[in-house]
Amino acid sequence: MAQVEATTERIVAADAETVFDALADYSGTRAKVMPEQYSEYEVREGGDGEGSLVHWKLQATSKRVRDCLLEVTEPADGELVEKDRNSSMVTTWRVTPAGEGRSRVVVTTVWNGAGGIGGFFEKTFAPKGLARIYDALLARLAAEVEK
């Protein structure tokens with residue numbers, strides 16, 4: 001089993017605190033900016049950053065749907081970590097200042113991939129697919145916080 005990693009980043013025309021607060025707002029902003037690949041979105045505990053428990057289904061491909069139950073932590077300033085109780089998947093969001101009134105958002109997801117030929121294809125294609133999904137999410141987030 002090889003570890004699979006997908007990373008996407010975007011510069012957003014809003015300060016880092018505003019962007020981080022929007023990302024951590026699972027009961028409001030986050031629900032609004034999720035692209036169509038996410039379904040059955042539900043906040044089960046909390047709803048604002050650390051201590052939240054959030055559920056969704058992520059349809060990465062036409063045949064691949066992940067049922068995710070995510071525990072949210074904030075291990076450092078500007079960092080949000082979502083650990084899936086149903087798999088090895090961990091997503092880390094980092095928001096840092098990027099000049100006056102701008103911020104850089106970097107999202108990295110890692111998980112233990114399949115072995116064999118299936119693992120080869122997963123490691124080759126899954127990061128690209130996830131990057132497209134995160135690009136859409138970050139574009140919607142930017143549109144929301146840049147208002």
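Rings of Phe, Tyr and Trp, the last represented by its six-membered ring, are taken to pair if their centres lie within 6.5 Å. In this predicted model, ring pairs link Tyr38, Tyr41 and Trp56 into a cluster, and the account below sets that cluster beside the sheet, the helices and the nonpolar core.

## The sheet and its helices

The sheet is open and has 7 strands in the order β1-β7-β6-β5-β4-β3-β2, with antiparallel pairing. Its edges are formed by β1 (3-12) and β2 (38-45), and because each of these has a single partner strand, one side of each is left without a neighbour in the sheet. From one strand to the next the twist averages 20°.

Strands β6 (residues 90-97) and β7 (residues 103-112) run antiparallel and are joined by 8 bridges, with Pro97 standing opposite Ser103 in β7. Helix α1 (residues 16-24) packs on the sheet, where it touches β1, β5 (79-84), β6 and β7, and its direction makes about 155° with that of β6. Helix α3 (residues 116-145) lies across β1, β2, β3 (53-59), β4 (65-73), β6 and β7, and it runs at about 25° to β1.

Strand β5 has 5 of its 6 residues buried, so it is largely enclosed by the rest of the structure. Its pairing with β4 is antiparallel and extends over 4 bridges, with Leu70 opposite Asp84 in β5; the hairpin of β4 and β5 has 5 residues between the strands, and in it Gly78 takes a positive phi near 75°. Towards β6, strand β5 is joined by 5 bridges, again in the antiparallel sense, and the bridge partner of Val81 in β6 is Thr92. The hairpin that joins β5 to β6 does so through 5 residues.

## Aromatic pairs

A pair of aromatic rings is described by the distance of the centres and the angle of the planes. The count here comes to 3 aromatic pairs, and two of them are set out below.

| Pair | Centre distance | Plane angle | Class |
|---|---|---|---|
| Tyr41 and Trp56 | 5.9 Å | 10° | stacked |
| Trp93 and Tyr134 | 5.7 Å | 70° | edge-to-face |

The pair of Tyr41 and Trp56 links distant parts of the chain, since Tyr41 is in strand β2 and Trp56 in strand β3, 15 residues apart. Planes under 30 degrees apart count as stacked, and with an angle of 10° between their planes the rings of Tyr41 and Trp56 are therefore a stacked pair. Tyr41 counts as partly exposed, at 24% relative accessibility, whereas Trp56 is buried, with a relative accessible area of 5%.

The pair of Trp93 and Tyr134 likewise links distant parts of the chain, with Trp93 in strand β6 and Tyr134 in helix α3, 41 residues apart. Trp93 counts as buried at 1% relative accessibility, and Tyr134 is buried as well, with a relative accessible area of 4%. Arg30 lies over the face of Trp93, at 4.7 Å from the ring centre.

## Trp93, Val107 and the core

Beyond its neighbours within four places in sequence, Trp93 is in contact with a set of residues that includes Leu23, Arg30, Gly78, Leu80, Val105, Val107, Tyr134 and Leu138. Val107, found in strand β7, counts as buried at 0% relative accessibility. With residues up to four places away in sequence left aside, Val107 touches Ala6, Thr7, Thr8, Thr91, Thr92, Trp93, Tyr134 and Leu138. One of these contacts spans much of the sequence, for Val107 and Thr7 are 100 residues apart in sequence and 5.6 Å apart in space, C-alpha to C-alpha.

The largest nonpolar core has 35 residues, of which Val19, Tyr38, Trp56, Leu80, Trp93 and Val105 touch the most other members. Two or more residues come to this core from each of β1, α1, β3, β4, β6, β7 and α3, and α3 gives the most, with 8 residues.

## A backbone exception

Most residues other than glycine have a negative phi. Glu40, found in strand β2, has a positive phi of about 55° although it is not a glycine.

Key
Residues numbered from 1 in each chain as written. Predicted model: local features only at pLDDT ≥ 70, side-chain atom pairs only at ≥ 80, totals over all residues. Heavy atoms only, no water. Pairing = 2+ DSSP bridges. Axes fitted to C-alpha atoms, helices over the stretch in contact; angles between N-to-C directions. Contact = heavy atoms within 4.5 Å. Phe/Tyr/Trp six-rings, centres within 6.5 Å; stacked < 30°, edge-to-face > 60°. Buried < 20%, exposed > 50% of the residue type's maximum accessible area, 1.4 Å probe, protein only. Lys NZ or Arg CZ within 6 Å of the ring centre and 35° of its normal. Core = buried A, V, L, I, M, F, W, Y, C linked by side-chain atoms within 4.5 Å.
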